Amino acid sequence: MYRVWNFITGYSLLLISGAVIALVWANIDVDSYRHFTQFVIWADAPIGHLLVDSNGHAVRDLTLHYLVNDILMALFFAIAAKEVWEAVILKNGSMRGKKAATPLVATLGGMIGPICVYLGIAYFLGSTTFDAVANGWAIPTATDIAFSYLVGRLVFGAGHPAVRFLLLLAIADDAAGLLILAIFYPSGDLAPVWFLLSFGAAVGVYVLANWLPRYLDRGDQLRRRSTWVRHKLSFWPYALMGCASWYGFMQSGLHPALGLLPIVLTVPHADRAFGIFSAAEEHLHDLLNTMEHALKYPVEIILGLFGLMNAGVAFSAMGEATWLVLAGLLIGKPIGIIVFGWLAAKPLGLGLPHGMRMIDLVVIGCVAAIGFTVPLFVASVAFDPGPVQDAAKMGALFSFGAAVISIVVGKLTQVQKQHL
């Protein structure tokens, strides 16, 4: 928990700045904003948005929006996947054992609740509305890691066990969001044969740059082959195979922003976990942590660009999708987290972290209702550009209101701040 504050605030400041600039720009001159985001960097390119030209031929245009959302954001999702992967597989990982059970069950409720509220209200609004907005059911399922942590720390204090509970819930929530993106929101017609390229790239780089050097070093205490690969080749084999995996995702129809995930699983990592974004990771020199450290500042800039590319919505775009996303986040997510968290802690006997009260689940549910980064991303792939997509994005932006609700609920439930 020690370096989470600097890590998250670094990500958040540029992301907020980009989003604010986009929101102001779009409400001053929406046409120039859209012209900017859809600026064509490379026409008839090997990568980019798939289009059909006047002759009926499929072509790709590399736009500024595609560069940020589909290429550069792959680095952000790779960092998120790295933290989840370590939490799952490493000794002392925060998602291993009974200590993770209640937050993970609460995470499930925090996804089921928003889906039920979103689709339920849409159903009662009539078939026309339901058909128009149904594909956005996953938008309110995700919790924004950065902003929820900032608000959680403000409400509970940095040392409260509820903050660790919230951070684990948010990480698990976004991990589930990655699965939803991959399964339910393909970027085009599925061509599974191309996924063999991603799979082959991951297996190949794991065998040649990870497993084989260690296998040849059996009995060699100096680990000369592994050391040579580590110092001479460094991250380059993984970077090259990452490009191949990304291309395989693009051609297969899976969202290319997830294209680096298979490669993350193959990179040499530490032998034990120190906690999500733990300070101890700064002193670890395994290749996976080294790569994350190198990506930190570039990803901060990328998130700023992501806010700039996606948050530019005119206030006049508010519509039914806006209120459905808001209802899913502000109503469905707290109810889901409270109900499933209680079921896990009481009837299932999994309990809560020491020092955390049952009533704290209410506050956590409100804080987790803040949706921004991943909900914006899902909105951009769930709907085609147009009024419905803009309205859904506005709902994700308005979910910042959950921060105010969280502070008020924290006061009403008499949360006692605990500092490190």
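**Salt bridges, a surface patch and overall form in a predicted model**

Q: How many salt bridges does the structure hold?
A: The model is predicted, and its charged side chains are a good place to begin. Side chains of opposite charge can pair when their charged atoms come close. Counted over the structure, the number of salt bridges is seven.

Q: Which residue meets arginine 34 in a salt bridge, and why does the pair tie together parts that are far apart in sequence?
A: Arginine 34 lies in helix H2 (residues 30-37) and its partner in helix H16 (residues 387-398), so the pair ties together parts that are 356 residues apart in sequence. Arginine 34 is partly exposed, at a relative accessible area of 43%, whereas the partner is buried, at 10%. The side chains meet at 2.7 Å, N to O, and the partner of arginine 34 is aspartate 390.

Q: What separation in sequence lies between aspartate 173 and lysine 333?
A: These two residues form a salt bridge, with the closest N and O atoms 2.9 Å apart. Aspartate 173 belongs to helix H7 (residues 161-184) and lysine 333 to helix H13 (residues 320-345), so that the pair links distant parts of the chain, and the separation is 160 residues.

Q: Is aspartate 217, the salt-bridge partner of arginine 225, buried or exposed?
A: The closest N and O atoms of arginine 225 and aspartate 217 are 3.5 Å apart. Arginine 225 is partly exposed, with a relative accessible area of 42%. A residue counts as buried under 20% relative accessible area, and because aspartate 217 has 5%, it is buried.

Q: What accessible area do the residues of the nonpolar surface patch have together?
A: The patch includes Phe195, Val203, Trp211 and Leu216. One of its residues, valine 203, lies in helix H8 (residues 195-216) and is partly exposed, with a relative accessible area of 38%. Taken together, the residues of the patch have an accessible area of about 810 Å².

Q: What radius of gyration does the protein have, and why does it agree with that of a compact globule?
A: The protein has 17 helices and three strands, and its C-alpha atoms fill a box of roughly 65 × 65 × 35 Å along the principal axes. Because a compact globule with 420 residues would have a radius of gyration near 22 Å, the value for the protein agrees, being 22 Å.

Q: What share of the 420 residues counts as buried?
A: The protein exposes about 18800 Å², of which carbon and sulfur atoms supply 68%. Of the 420 residues, the share that counts as buried is 54%.

Note on methods: Residues numbered from 1 in each chain as written. Predicted model: local features only at pLDDT ≥ 70, side-chain atom pairs only at ≥ 80, totals over all residues. Heavy atoms only, no water. Patch = residues over 30% accessible without salt bridge, like charges linked within 9 Å, V, L, I, M, F, W, Y side chains within 5 Å. Areas by Shrake-Rupley, 256 points an atom, 1.4 Å probe, with all protein chains shown as cover. Salt bridge = Lys/Arg side-chain N within 4 Å of Asp/Glu carboxyl O. Helix = DSSP H or I, 4+ residues; strand = E, 2+ residues; numbered from the N terminus. Buried < 20%, exposed > 50% of the residue type's maximum accessible area, 1.4 Å probe, protein only. Rg over C-alpha atoms; globule rule 2.2 N^0.38 Å.
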